[in-house]
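Student: I'd like to zoom in on one part of this model and see how it sits among its neighbours. Can you walk me through it once the structure is up?

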Amino acid sequence: MTSLIPAPRRVVAGSGEVRLTARSRLCAGPGTEGVGHWLRTVLWQATGLPLREGREPDDAGDGAIGLRLDAGLGPEEYRLVSDGTGVLVVGGSAAGVFRGAQTLRQLLGPDAYRRAPLDRDRAWAVPHVTIEDSPRFPWRGLMLDVARHFMPKEGVLRYLDLMAAHKLNVFHFHLTDDQGWRVEIRRYPRLTEVGSWRARTKFGHRASPLWDEKPHGGYYTQDDIREIVAYAAERHIAVVPEIDVPGHSQAAIAAYPELGNTDVVDTDTNSLSVWDTWGVNPNVLAPTDNTLRFYEGVFEEVLDLFPSEFVHIGGDECPKDQWRRSPTAQARIRELGLADEDQLQSWFIGHFDTWLSARGRRLIGWDEILEGGLAEGAAVSSWRGYAGGIAAARAGHDVVMCPEQQVYLDHRQAPGTDEPVPIGYVRTLEDVYRFEPVPAELTPREAAHVLGTQANLWTEVMEDHARVDYQAFPRLAAFAEVAWSALPAPAERDFAGFEERMTAHYARLDALGVGYRPPSGPRPWQRRPGVLGRPIDGPPPNR
């Protein structure tokens with residue numbers, strides 16, 4: 001019970017337990033039927049108990065589980081009571097009940113995370129306890145980059161389950177970049193026919209001399225996307241798509257060269273292939289009406305696939321060299337009366353802010369969209385430290401804090417050469433646990449614009465799900481507690497207590513098949529002798 005992660009707001013332990021048996025029933029009250037279906041399915045897989053539909057828990061002998069809504073609670077707030085009458089989970093919405101159901105699963109022990117019973121004769125019990133809980137932030141996110149290394153659909157669904165198990169609720173889906181385009185756009189088939197594959201891939205960090213000479217790629221069909229979005233919705237996770245503009249667009253330009261600055265003659269940068277290395281490609285989208293109409297067509301299909309309030313448009317790391325040399329871009333600057341190329345990017349972003357707003361959506365982008373002026377209503381993902389988030393909040397814009405120095409999980413987890421592909425800053429489990437999303441410089445009114453926080457998984461150095469697991473866990477568990485729980489100031493946080501609770505949580509991760517980094521360091525097969533090279537200090541090869 002003391003091993004719950006993320007830590008609940010209030011826990012009062014009792015002295016007995018509720019036994020679950022073949023006679024136990026699960027009653028999902030009005031509005032909680034979806035949660036009941038999910039809970040019955042996962043517990044039946046793990047325990048073999050049918051948990052048939054029944055009345056609310058009013059008979060201790062039945063070991064009943066009840067799910068119910070209570071309008072007096074906040075949207076994701078829940079109360080779990082396990083006592084002599086059974087187990088009751090009450091939430092302010094279905095999402096709140098679902099968060100409570102995740103806590104119930106933790107209370108049953110690590111084997112409750114398995115997909116088949118280890119022993120059909122074992123006893124299952126929920127300790128008597130009262131738990132009252134609610135999240136600190138409404139945005140508790142994980143960004144997954146599938147452009148650099150494609151993750152097949154089953155891997156994405158698995159990560160949605162891992163997010164749900166840690167009470168994370170926003171999946172930022174980075175679908176396009178210089179190295180690949182991963183979502184089917186039916187009116188522009190070459191985006192996936194050409195843009196989803198590259199001839200080879202840099203293996204390891206940017207300075208590595210090694211290459212994987214096999215073609216790499218893949219994409220999600222529109223039905224795949226609909227399945228992912230529906231699967232996430234069942235777990236009360238919003239999926240925020242990212243279509244990167246105007247930089248990080250080489251895969252699109254390779255598919256449709258007219259999107260690029262074709263009036264700039266430069267055979268080295270005007271490559272017609274998907275980029276096969278890391279870093280920032282110098283090719284950017286041309287600021288033309290044709291480009292705007294093209295991406296409006298892309299976003300029309302994206303909006304049809306993703307019902308989320310927010311749509312991420314990237315907006316980061318846009319080299320301006322081509323625009324400086326492009327007669328077309330310079331003519332556009334004069335036509336619009338803009339001061340420089342930064343304002344040209346602001347105009348580009350502002351166009352899509354207006355376009356999305358007219359369709360009931362909100363634009364969000366990386367903090368570079370602040371340069372040249374930020375469109376009203378746009379939100380900011382603050383990645384270059386806290387400064388962008390502070391500036392945006394003070395200007396009245398909503399912010400998601402995801403500073404690279406704290407929550408970029410592609411950064412190495414310890415000093416030394418044992419860490420696989422040791423890029424970026426050293427960010428230990430304790431570093432992540434002591435991360436504070438709300439900058440101290442903000443007033444209470446400004447701090448109200450901090451929607452929450454997000455951990456980012458950039459996959460240049462993560463070629464498969466095992467490497468993603470290693471980089472994400474256990475640090476994602478620490479991040480989840482920072483995002484959910486009302487923790488004290490960073491210096492006052494009980495990291496030793498968190499480590500003790502992680503001892504039990506590692507068993508849950510084992511049951512889920514997560515290839516996490518052990519506390520003692522990487523296992524022999526998690527290292528890559530000969531690939532590591534020297535550690536690279538400073539930021540990773542992107543963002």
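Student: Which helices and strands do the buried residues of helix 5 pack against?

Tutor: A word on ground rules before the details. This is a predicted model, where local features need pLDDT of at least 70, side-chain atom pairs count only at pLDDT 80 or more, and totals for chains, interfaces and linings use all residues. Residues are numbered from 1 along each chain as its sequence is written, and side-chain values use heavy atoms, with hydrogens and water left out.

Now your helix. The buried residues of helix 5 pack against helix 3 (153–165), strand 9 (170–174), strand 16 (238–245) and helix 7 (289–305). Helices (H or I, at least four residues) and strands (E, at least two) are DSSP runs, numbered from the N terminus, and contact means heavy atoms within 4.5 Å. Helix 5 itself covers residues 222–234, and its 13 residues reach 18 Å from first C-alpha to last, close to the 18 Å expected at 1.5 Å a residue; that expected span is 1.5 Å times one less than the number of residues.

Who does the packing? Gln222, Asp224, Ile225, Ile228, Val229 and Ala232 are buried in helix 5, where buried means under 20% relative accessible area, exposed over 50%, and partly exposed in between (1.4 Å probe, protein chains only). Down the axis of helix 5, those buried residues fall within an arc of 155°, so they line one face of the helix; the arc is that of the directions from the helix axis to the C-beta atoms. The face turned away from the buried side carries exposed Asp223 and Glu234. After helix 5 comes His236, with a positive phi near 55°.

Helix 3, one of those partners, is mostly covered: ten of its 13 residues are buried, among them Val156, Leu160 and Met163. Helix 3 is followed by Lys167, whose phi is also positive, near 60°.

As for the two strands, 9 and 16 belong to a barrel that eight strands close in the order 8-9-16-17-18-19-20-21, with parallel pairing; two strands pair if DSSP finds at least two bridges between them. The twist averages 30° from one strand to the next. Helix 3 packs on this sheet too, touching strand 8 (139–145), strand 9 and strand 21 (450–457), and its direction makes about 150° with that of strand 9. For those angles, axes are lines fitted to C-alpha atoms, for helices over the stretch in contact, and angles run from 0 to 180 degrees between N-to-C directions.
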